[in-house]
Amino acid sequence: MKRNILLAAAIAVGLGGPAYAQQTIKIGYQLPLTGNTAQYGQDFKNAAEIALEKFNKSGKIPAKVEIVYEDSRSDAKEGVAIARKFVDDKDIVAVLGDFTSTVSMASAQVYKSAGMPQLSQSASHPDYAKISEWQFRNITTQAQEGPYNADWMLSKGYKKIAVISEQSDWGQTVVSNFVDEVKAKGGEVVFSEYFNRGLADFRPIITKLARTKPDAIYTGFFYEDGAQFLKQMKQLGVTIPVHSTSAAYNQKLIELAGPDAEGVFLTATFLPSNPAPHVQEFVKEWKAKTGQDEPGQFPAQAYDAVNIVLAAITRAYPDVTRKSVRDELAKTKDFPGVTGDTTFDANREPAKKLTKTIVKDGQFVAIEN
Amino acid sequence: MSDNRFSASLIVAVLLVLLFAIVPLILGWLGRSYLYQVANIAMIFALLAASLHLVTGVAGLLHLGHAAFYGIGAYTAALLATEAGWPFLATLPTAGIAAAFFAVLVALPTMRLVSIYFAVATLAIGQMIYLVLLNWVEVTKGPNGILLFGGLEIFGYDLSAPHLAYFVVAMVTAVSIWIIHRLSHSYYGNALRSLREDDQCADALGIDTVRLKIEAFTLSAFFAGIAGGLWAHTTGYISPPDFNFATSILILAMVVVGGLGSLPGALVGALLLILLPEALRVIGDIRNITVGIVMFLAILLLPKGIIGEVSALDLVRRQLAGAWKRVDGQGIGWR
Amino acid sequence: MDYWLQQLTIGLSLGMIYALMAIGFTLIFGVLNVVNFAHGEVYTIGAFVGLLVITAFAPPLIAVVVLVMAAGAFVGFGLERIAFKPFRRFTDEASLKSRAMRESTLMSSLAFSIVAREGLEIAYGSQYQTVPLDYLINQPVDLFGVTIVVGDIIIFALAVVMLVGLQFLLTRTRVGLSIRAVSNNPLGAKYVGINTDRTIITTFAIGSMMGAAAGLLVGLYYGAIFPSMGFIPGIKAFVAMVMGGLSSIPGAVICAIILGLSESLATAFVPSVWADMVAYGFLILTLVFFPQGLFGTGRERV
């Protein structure tokens, strides 16, 4: 009993002491390492490890930074429990994640009440960053991508456009932002439907869609559903041009769909062929670490997210607390990430630059404007 | 005889002290809100398992859509709290009533089905409710989910902090489980058990089997709805994937692994299947496969469940000492 | 008219896929009167084994199917030994009638399926596996103005072969006779001298063989092979089986086709997100009017 009191006293002194008594600074990362979306979580982890190793080697700050990974399985129950776990750990000054908006939002409630900065590399729910001043995200929302794509498609002369998207909060924003812009600029949306994620057979929808004779199709998929859709379109002999969002931008899309992916247009914030040195360095490290061909959009997002937090910690050092990290994060301006320069606006949303790409000869190729 | 009755209420008293005094003390001393969160989730699922036990364990109706009523309760509470600004004390019972209402609607056409046909019907109904929650965007906000900013407020006091919410959840759960216990250990519970054992026989005895089935189904949905309301207010954000088929299967697993037909079994099953994955986080990515193996071993070695109904009934038997004595080691009457 | 014909054709092909799964599922249920939650995983394992064989040796498709069927039989055997046999060790009357015992096989097969699926996920990751493109059986074929694919023909042929083969097996062979006897009355069959254990193993082997073959073909048909691929087809097979009346394999096939048709045709009228709703609604309606399923033969209760 006496030992416990002494221990408690020691901890209290240690916590109250000056910040430089902290030898290790910790960042929490909640992500799906198992379960249906594990492939994304594993990608994030790999990217994060690349970023972290580089940072610790560079010796920008005298202390060492560590990332604590916890598996949320994209399940809100687990996400909230993990959030509490992170909040309890006094050494953790910032949190990254989660993958899906639903888990990010459920966890955000915890971070809001406990005061912990949270940066999600992929949460796209429109209300996510509005939950409190502690929530950040570095992925372009559809509020930016939708109108961009709408303008692109209209400028190619398409008048009648069909829209299809997955039934999720992200999918909803894909449709609403795109459709609003198309209608505002005088285009016509002849078909607009959702499908439940994981649908194996798109053929009934494709047949229905083709019947409305659109000039082009705008799609809101992740690469798995995207590959299925493209393959089945070819099966049915439907040759309408297809545009998609950055969420489908992944080498696996081409791997799964093969020749059926030729000619698909996508927007992207990350292009592995970008000759900029920091991009090429990331691509090289990624290939070496994972043995995969090229990183897609999502690992690049994670890589940038980790680096943004590390940069904020660097700026806040030596006074590294949750509040100071949050304030430094909010001040992030023109951060040179692999997904483009990132600046957080007053609502902690990023402003990014989008690139137009097309799939040609089995590769993503940037299109000059 | 007085000894046995004393021992039964002693057990209850010990449990209550444990729940309301000892556990919070330990958790408070450890000082980690994470443990409170896990405890809250465990209690909510204990309530879900107890409510499923009423319909599947006691009345013997295999129910594969329980999470849907959990979802109806959660959505009712969340929508009332956000759209109409109702306080927690009002949304919670309404959540239960809404779930019960839909259960009655669903039960009426399907009650004449038996065993596996009924199970498939509940599966279909569970999926249909899930699809409505996911796709009826105008009302349920669809996949966007519902964000509750109010949290847990009772009479103006904000009780959202995990250690305060713990007491609220514990209170509601304890009362609900007590009600379920009273229901299943009574003549009403016996009538339900007769449905499970042989409903043709029960019918011949003059028991209104259809009405009983509907009642059991509705009651279980009521408590599932209450659990949903608790979940909505303590988590602050709900979305359709929280209430899918996999969740129904999880709750069913809790009841069966813990012991079909025994309420303490259902509670043990719930605690096991919530606490074990959390405790195994340290072993990393293989924790789910480990949970599967543990589940399998539990069922293999204790096929009647961890606290099978037999042992639970033994407890009751001792309480009514003398009525159902064991003669020469052979049990007569109940199994 | 073309449009409706095309939707109809798609519905038929969807239905055939569900039917492939339902056949093995119904066979196993018929014998043991328990839902085999692990059938979806046998389906998945079939697909993965097939993928392994294809990437390692690249043999012709027929060889792959045969190998996968053999693997499926093996897995079925293992499944029965691990998850179902241990619960037959109690042969006293009370245990035989106990509901808890029956539900426990439900849970043990569920636990097996969790372990299998997680194992696959750890080994391969949860993403869609890359399938060598020349094995994808989805080259389009133009048939009287509607488009089907090569895979449709193969799946249809396989389903027919399975159905006919099973009917022959069940009605004309001794093995089939013992299967029917055990499914009718296990205790009685035992008294008559049938080796119930061996019969059950045989049933599992045959049913799992079909499930594995189904998994392989559907995996190649859609080009989508991933650890949780058996979950939804498992549910659909279960629904088809019950709708068809538990004991009838042709009934299950017909109901599987009806399910596929209703999904595809529903998409023609309502947004596809509600299409599943139509299928389930259909099921409920069927059960309300035919409480024993469409072709159910008044099974003896408990």
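This is a short dialogue on how to read a predicted model with several chains.

User: Before looking at where chains meet, I would like to understand one chain by itself, so which helices and strands make up chain C, and in what order do they come?

Analyst: Bear in mind that the model is predicted. A useful beginning is to count the elements and then follow them along the sequence. Chain C has 12 helices and two strands, and along the sequence they run α-α-α-α-α-β-β-α-α-α-α-α-α-α. The radius of gyration of chain C is 19 Å, close to the 19 Å that the globule rule gives for 302 residues, so chain C is as compact as a globular protein of that length.

User: What else describes the way chain C is packed, for example what share of its residues is buried?

Analyst: Of the 302 residues in chain C, 59% are buried, and its C-alpha atoms fill a box of roughly 60 × 50 × 35 Å along the principal axes. Another point to examine is how far apart in sequence the touching residues are: among the contacts in chain C with a separation of 6 or more, 75% are between residues 24 or more positions apart.

User: Turning to the place where chain C meets chain B, how many residues take part, and what area is buried?

Analyst: An interface can be read from its residues, its area and its pairings, taken in turn. Chain C brings 49 residues to the contact and chain B brings 43 residues, while the area buried between chain C and chain B is about 4100 Å², with carbon and sulfur atoms giving 80% of that area. As for pairings, the interface of chain C and chain B holds zero salt bridges and one residue pair in polar contact, both residues being at pLDDT 80 or more.

User: Which elements of chain C supply the side that touches chain B?

Analyst: At least two residues each come from α3 (61–84), α4 (93–97), α5 (99–124), α10 (231–243) and α12 (275–289) of chain C, and α5(C) gives the most, with 15 residues. Sorted by class, this side of chain C has 34 nonpolar, nine polar and six charged residues.

User: How should I read the interface of chain A and chain C in the same steps, beginning with its buried area?

Analyst: Here 33 residues of chain A are in contact with 34 residues of chain C, and about 2700 Å² is buried between the two chains, of which carbon and sulfur atoms give 53%. There is one salt bridge between chain A and chain C, in which the side chains of A:Arg73 and C:Glu118 meet at 3.7 Å, N to O. The interface of chain A and chain C also has 18 residue pairs in polar contact, both residues at pLDDT 80 or more. On the side of chain A that touches chain C, two or more residues come from each of several elements, including β7 (188–195) and α8 (223–235), and α8(A) gives the most, with seven residues. By class, that side of chain A has 10 nonpolar, 12 polar and 11 charged residues.

User: Finally, which peptide bonds of chain A are worth a look at the backbone level, and where do they lie?

Analyst: The backbone is read through its angles. The bond from A:Gly97 to A:Asp98 is cis, with omega near 5°, and A:Asp98 lies in the loop between β3 (92–96) and α4 (101–114) of chain A. Another cis peptide bond joins A:Tyr317 and A:Pro318, with omega about 5°, and A:Pro318 is in the loop between α11 (297–316) and α12 (322–330) of chain A.

Key. Residues numbered from 1 in each chain as written. Chains lettered and ligands numbered in written order. Predicted model: local features only at pLDDT ≥ 70, side-chain atom pairs only at ≥ 80, totals over all residues. Heavy atoms only, no water. Contact = heavy atoms within 4.5 Å. Buried area = accessible area lost by both parts, 1.4 Å probe. Salt bridge = Lys/Arg side-chain N within 4 Å of Asp/Glu carboxyl O. Polar contact = N/O pair within 3.5 Å; in protein donor to acceptor, adjacent residues only side chain to side chain. Helix = DSSP H or I, 4+ residues; strand = E, 2+ residues; numbered from the N terminus. Nonpolar A, V, L, I, M, F, W, Y, C, P; charged D, E, K, R; others polar. Rg over C-alpha atoms; globule rule 2.2 N^0.38 Å. Buried < 20%, exposed > 50% of the residue type's maximum accessible area, 1.4 Å probe, protein only.
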